[in-house]
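Work through these exercises with the sequence and the model open side by side. Try each task before you read its solution.

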Amino acid sequence: MRPGPSGASAAARIRLVTAPTLVLGFGNVLLSDDGAGVQLVERLRSELGCDAAEFVDGGTLSFSLLSYVEATDSMLVIDAADLNSTPGTIDLFEGAAMDEFLKTSRRRTVHEVGLIDLLDMARLQDCLPSQRALLCIQPGRIDWCETLSAPVAGALPEAARLARTTLQRWQFT
């Protein structure tokens, strides 16, 4: 695509016109609590409707998701992460706090390397969403199992509430 009169690429022009919020869930639903991010994205899609945001099951992918990141200015990532807390604990890291959480020396999420690389690629292309957050759920069990552990399953309603609140707040900023 050719740059527009202002030098902006077509992707950047589209982003300004049609920038839906991206809700991106990472995880593997075959590995119990590792799939919490994907399950929560599906729950939010069901509760809010398909038009409320761009809901993406990121699975364990990384670079192939860059086109989604490029097309938005608001991104909520949901993943299971080591919060050094009890299973089912929820935490939300926004903006610079998200970046700092991901930069810590010890690996916090199973998909952290892919997420860090994805965000770095977005930075290099000057399309890092200005509104971004990482919603984390402390896993209790990551093993072959298609169901969430009881603490993580019990945390999903509160995690969904926190995600909805964040998305609603972004609509007015």
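**Exercise 1. Surface and fold**

Task: State how much surface the protein exposes and what share of it carbon and sulfur atoms supply. Then describe the secondary structure of the protein.

Solution:
1. This is a predicted model. In it, the protein exposes about 8700 Å². Carbon and sulfur atoms supply 55% of that area.
2. Turn to burial. The protein has 173 residues, and 46% of them count as buried.
3. List the elements. There are six helices and five strands. Along the sequence they follow the pattern α-β-α-β-α-β-β-α-α-β-α.
4. Check the contacts with a separation of 6 or more. Residues 24 or more positions apart account for 76% of these.

**Exercise 2. An aromatic pair**

Task: Search the whole structure for aromatic pairs and classify what you find as stacked, tilted or edge-to-face.

Solution:
1. The search gives one pair. The rings belong to Phe93 and Phe101, and their centres are 4.1 Å apart.
2. Apply the angle rule: planes under 30 degrees apart count as stacked. The planes of Phe93 and Phe101 are at 20°, so the pair is stacked.
3. Check burial; the cut-off is under 20% relative accessible area. Phe93 has 15%, so Phe93 is buried. Phe101 has 6%, so Phe101 is buried too.

**Exercise 3. Salt bridges to helix 6**

Task: Locate the salt bridges of Arg164 and Arg169, and say which parts of the chain they link.

Solution:
1. Start with the count. The structure has eight salt bridges.
2. Take Arg164. The side chain of Arg164 meets that of Glu47, at 2.5 Å from N to O. Glu47 sits in helix 2 (residues 36-48) and Arg164 in helix 6 (residues 150-171). The pair links distant parts of the chain, 117 residues apart.
3. Check exposure. Glu47 is partly exposed at 38% relative accessibility. Arg164 is partly exposed at 24%.
4. Take Arg169. Its partner is Glu94, with 2.6 Å from N to O. Glu94 belongs to strand 4 (residues 90-94), while Arg169 belongs to helix 6. These two residues are 75 residues apart.
5. Check exposure again. Glu94 counts as partly exposed at 29% relative accessibility, and Arg169 counts as partly exposed at 38%.

**Exercise 4. A salt-bridge network**

Task: Find the residue that forms a salt bridge with Arg123, then name the network that includes Arg123.

Solution:
1. The partner is Asp99. The closest N and O atoms are 3.2 Å apart.
2. Place both ends. Arg123 is in helix 5 (residues 112-124) and Asp99 in helix 4 (residues 96-103), so the bridge ties together parts 24 residues apart in sequence.
3. Compare accessibility. Arg123 is partly exposed, with a relative accessible area of 33%. Asp99 counts as buried at 11%.
4. Extend the search. Salt bridges link Asp99, Asp120, Arg123 and Arg132 in a network.

**Exercise 5. A buried charge without a bridge**

Task: Find the nearest side chain of opposite charge to Asp33 and test the pair against the salt-bridge rule.

Solution:
1. Place the residue. Asp33 lies in the loop between strand 1 (22-26) and helix 2.
2. Recall the principle. Side chains of opposite charge can pair when their charged atoms come close.
3. Apply the rule. A salt bridge needs the nitrogen within 4 Å of the carboxyl oxygen. For Asp33, the nearest side chain of opposite charge is Arg141, 5.0 Å away. Asp33 is buried yet has no salt bridge.
4. List contacts, leaving aside neighbours within four places in sequence. Asp33 touches Ala80, Pro139, Gly140, Arg141, Leu148, Ser149 and Val152.

Notes
Residues are numbered from 1 along each chain as its sequence is written. This is a predicted model: local features need pLDDT of at least 70, side-chain atom pairs count only at pLDDT 80 or more; totals for chains, interfaces and linings use all residues. Side-chain values use heavy atoms; hydrogens and water are left out. Rings of Phe, Tyr and Trp (its six-membered ring) pair if their centres lie within 6.5 Å; planes under 30 degrees apart count as stacked, over 60 as edge-to-face and the rest as tilted. Buried means under 20% relative accessible area, exposed over 50%, partly exposed in between (1.4 Å probe, protein chains only). Helices (H or I, at least four residues) and strands (E, at least two) are DSSP runs, numbered from the N terminus. Lys and Arg count as positive and Asp and Glu as negative; His and the chain ends are not counted. Contact means heavy atoms within 4.5 Å. Accessible areas come from the Shrake-Rupley method with a 1.4 Å probe; for residues, only the protein chains shown count as cover.
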